[in-house]
Amino acid sequence: MGLPYRLVVRPAMRFIDSERAHGLSVGALRILAENRLTQKVLASVYRTPSLPINVFGRLFRHPLGLAAGFDKSAVALGAWPALGFAWQEYGGITRFPQDGNPKPRMFRSDVDRALINRMGFNNPGAQVVRTSLLKRRTAGRWPSTPVAANIGRSKTVDNERAPQDYAETFDLLYDHADFFVLNVSSPNTPGLRELQEDSHIRDVVSTCVAMRQRRSGLKPLLLKFSPDLDPDIMLSCAGAALSAGIDGFVATNTTISRPPPKNTKSRRIFAEEGGLSGRPLHQMSVESIGTLYDSVGGKVPIIGCGGIESGETAWNAITNGASLLQLYSALVFQGPSVLGRATRGVRKRLQREGFADLQEAVGYARP
């Protein structure tokens, strides 16, 4: 199915606005997600090999998961396991509904295999998403794979009130995810990245940890970092988060930096404001993964996100310290078959290097 996607679907998408193309894709998957027969058909076509790893006390069939931002409102949860994902992250979800930034706000550069977005946490709000997910669970349509929820700060809430805003969203979605990612690093909400400072981080994490204690649960909480952070600041924030009770990190969010353009179109696309994801982000992401792993890798897991598009890029992130991986842009440019290719590529490297299992390879490339 990789060939039809490259020859038919992706060329057709070039003639459609990026956000509209994304909406059509998720809409189609939403319909398929409600049908067990089509789920089975998709699963047979996009079968991915088993490459098990245990993280956060959960067994993941392989490390590759869907990154936040693709299924923003958690409307297609049933489709992602059928496409071969071992886990998925929905969101970002904010406490209050918000439309996001003015359109157009999503752009793609095919030659660079890069996306730029300035969506701005557009979502129906935590209460609406909670109601939708409760109906899904009650109807017996909850996926069997692990599910994460990405939580953002509401645009109407200032950073002083951010801890309570995050905690309220966490509370509303608590029963509808296996673990949670606190997003303090999106470049598309004004002032949000200012939360990446020790005292702010400590307040946000400790408030959510207190909420978790009130819920008498053990749902893991993770913190998602920007690749644009100075390494010393990132490690300082990581230390503050650990002292407040964080259970892991995601490296990384999108970047506001830009690579040299390859042609006139990519020059025009790269002039757009917003966060860049895809192939040009990979090296920055891996450097952040390695920096975090060298400091805290023995304490908590790290999820690698940024330019994962092949067995080689997946292996690069894993051996620099990532226990789990996420992809987004590669799904746009290559289609669902990228999952099988990447997972098989990692399995071949494990066998070639003589590792007993995936866990043994995590961080192997670090000095």
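The legends below describe close-up views of a predicted model. Residues are numbered from 1 along each chain as its sequence is written, and side-chain values use heavy atoms, with hydrogens and water left out. In this predicted model, local features need pLDDT of at least 70 and side-chain atom pairs count only at pLDDT 80 or more, while totals for chains, interfaces and linings use all residues.

**View 1. The closed barrel has eight strands with parallel pairing.** The strands follow the order E3-E4-E7-E8-E9-E10-E12-E13. Helices (H or I, at least four residues) and strands (E, at least two) are DSSP runs, numbered from the N terminus. Two strands pair if DSSP finds at least two bridges between them. From one strand of the barrel to the next, the twist averages 25 degrees; axes are lines fitted to C-alpha atoms, for helices over the stretch in contact, and angles run from 0 to 180 degrees between N-to-C directions. Within the barrel, E8 pairs with strand E9 (residues 221-225) in the parallel sense over four bridges. Phe180 has Leu221 in E9 as its bridge partner.

**View 2. Strands E5, E6 and E11 form an open sheet.** The three strands lie in the order E5-E6-E11, and their pairing is antiparallel. Strand E5 (106-109) and strand E11 (275-278) are the edge strands, each pairing on one side only. Neighbouring strands in this sheet are turned by 20 degrees against each other on average, direction ignored. Four bridges join E5 to strand E6 (residues 114-117). Phe107 stands opposite Ile116 in E6, and Met106 has Asn117 in E6 as its bridge partner.

**View 3. E5 and E6 make a hairpin, and E5 is covered on both faces.** In a regular strand the side chains alternate between the two faces of the sheet. In E5, Met106 and Arg108 are on one side, Phe107 and Ser109 are on the other, and all are buried; buried means under 20% relative accessible area, exposed over 50%, partly exposed in between (1.4 Å probe, protein chains only). Four residues lie between the two strands of the hairpin. Arg113, in the turn, has a positive phi of about 50 degrees and is a residue other than glycine.

**View 4. Helix H2 has a buried side and a face turned away from it.** H2 (residues 18-33) has 16 residues and reaches 22 Å from its first C-alpha to its last. This is close to the 22 Å expected at 1.5 Å a residue, where the expected span is 1.5 Å times one less than the number of residues. The buried residues of H2 are Ser18, Glu19, Ala21, His22, Val26, Leu29 and Ala33. They cover an arc of only 160 degrees around the axis, which puts them on the same side of H2; the arc is that of the directions from the helix axis to the C-beta atoms. Exposed residues Arg20 and Ile31 are on the face turned away from the buried side.

**View 5. Trp87 and Phe179 form an aromatic pair between distant parts of the chain.** The structure holds 13 aromatic pairs. Rings of Phe, Tyr and Trp (its six-membered ring) pair if their centres lie within 6.5 Å; planes under 30 degrees apart count as stacked, over 60 as edge-to-face and the rest as tilted. The ring centres of Trp87 and Phe179 are 5.6 Å apart and the planes stand at 40 degrees, so this pair is tilted. Trp87 is in strand E4 (residues 87-93) and Phe179 in strand E8 (residues 179-183), 92 residues apart. Trp87 and Phe179 are both buried, and with Phe56 and Phe60 they form one aromatic cluster.

**View 6. Tyr174 takes part in a ring pair and lies under a charged end.** The rings of Tyr174 and Phe180 have their centres 6.2 Å apart and their planes at 15 degrees, so the pair is stacked. Tyr174 and Phe180 are both buried. The charged end of Lys219 sits over the ring of Tyr174, 4.5 Å from its centre; a charge sits over a ring if NZ of Lys or CZ of Arg is within 6 Å of the ring centre and within 35 degrees of the ring normal.

**View 7. Backbone details include two cis peptide bonds.** One joins Gly91 and Gly92, with omega about 5 degrees, and Gly92 is in strand E4. Another joins Lys103 and Pro104, with omega about 0 degrees; Pro104 is found in the loop between E4 and E5. Phe121 has a positive phi of about 55 degrees although it is not a glycine. Phe121 lies in the loop between E6 and helix H5 (126-138) and is buried, with a relative accessible area of 5%.
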